[in-house]
Each structure stands twice: as C-alpha cells, then as structure tokens.
Amino acid sequence: MTSFQKIFIKNLRFWRKKRGFSQLKLSELLNISPNYLNAVENGKNFPSPEVIQNITDILEILPHQLFFDHPVELKKNNFLTPDLIMIKQRFIDEINTLIEKCENEP
C-alpha cells in the first residue's frame, strides 16, 4: 500500500465517521457493495474517479480533502471559505484542461 493510499484511507474513515456513517450506510448511499467499501478502507482496492466524486458529494467535502495529510474541516470564520476553495479548484481544473489541450496539439 502506498503512502498516498494510506492518506486517502485515513481521510475517508475520518470523514465517514465525522458524518456519522457506518460502512454499510455509506456503501448504500454510494450504491456500492459493503464488501467493496471495506476493501477500499483496508487498502485492497482503490476507488475510481467516479466513486471518489460520489464519496465527496455524499460526505459533503471537496475532493482534495480526501488527499490532505491531515484532514481539515473548514469553518465559516476561516479565511479560506468553502466557496473560495471551490473557485480555486475550478481554476486549477480549467488550467489543467488548457495544459492538456496544449500538450495534445501537434
């Protein structure tokens, strides 16, 4: 298991428990098998981008919050509000799309 997976697993468990979901409940909401979610949380499987997006939607977090070394819950009085972080993520996504287009041009 890579250190990347370990961070992901730690954060997935943190946010799942923070939201009060059991593995069974989260797997039902994600429309995946409880065995699959258990395998993800035990490092035997790694979810697809689609499943990661569904996880973040259900846990009401931003995707990058699953990849921080130390999970951070954002509060309204923080300088970086969720709206500002979302704008930043959209900007990064747009830049990455432009870079990919440039790299793929002949």
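A salt bridge here is a side-chain nitrogen of Lys or Arg within 4 Å of a carboxyl oxygen of Asp or Glu. Keep that cut-off at hand for the first stops of this tour, which runs through a predicted model.

**Whole chain**

Start with the cartoon view. The protein has five helices and zero strands, and along the sequence the pattern reads α-α-α-α-α. Colour by accessibility next: of the 106 residues, 26% are buried. Among contacts with a separation of 6 or more, 63% are between residues 24 or more positions apart.

**Select E41 and R13**

Show the side chains of E41 and R13. They form a salt bridge, with N to O at 3.4 Å, and 3.4 Å lies within the 4 Å cut-off. The two residues come from distant parts of the chain: E41 sits in helix α3 (residues 34–41) and R13 in helix α1 (residues 3–18), 28 residues apart.

Is each partner buried or exposed? E41 has a relative accessible area of 2%, so it is buried, given that buried means under 20%. R13 has 30% relative accessibility and therefore counts as partly exposed, a class that lies between 20% and 50%.

**Add R16**

Now add R16 to the selection. The side chains of E41 and R16 also meet in a salt bridge, at 2.7 Å from N to O. This pair again links distant parts of the chain, with E41 in helix α3 and R16 in helix α1, 25 residues apart. R16 is at 7% relative accessibility, so it counts as buried.

With the three residues on screen, the network can be traced: R13, R16 and E41 are linked by salt bridges. A search of the whole structure finds two salt bridges. As background, side chains of opposite charge can pair when their charged atoms come close.

**Select helices α2 and α4**

Hide the charged side chains and select residues 23–30, helix α2, together with residues 49–59, helix α4. At what angle do the axes of α2 and α4 cross? They cross at roughly 115 degrees and come within 10 Å. The two helices are therefore roughly perpendicular to each other. The crossing of α2 past α4 is right-handed.

To see what makes the contact, show L26, L29 and L30 on α2, then N54, I55, I58 and L59 on α4. By class, the contact of α2 with α4 has six nonpolar residues, one polar residue and no charged residues.

How values were computed. Residues are numbered from 1 along each chain as its sequence is written. This is a predicted model: local features need pLDDT of at least 70, side-chain atom pairs count only at pLDDT 80 or more; totals for chains, interfaces and linings use all residues. Side-chain values use heavy atoms; hydrogens and water are left out. Helices (H or I, at least four residues) and strands (E, at least two) are DSSP runs, numbered from the N terminus. Buried means under 20% relative accessible area, exposed over 50%, partly exposed in between (1.4 Å probe, protein chains only). Axes are lines fitted to C-alpha atoms, for helices over the stretch in contact, and angles run from 0 to 180 degrees between N-to-C directions. Angles under 35 degrees count as roughly parallel, over 145 as roughly antiparallel, 65 to 115 as roughly perpendicular and the rest as oblique. A crossing is left-handed if the near helix is turned anticlockwise from the far one by less than a right angle, and right-handed if clockwise. Contact means heavy atoms within 4.5 Å. Ala, Val, Leu, Ile, Met, Phe, Trp, Tyr, Cys and Pro count as nonpolar, Asp, Glu, Lys and Arg as charged, and the others, Gly among them, as polar.
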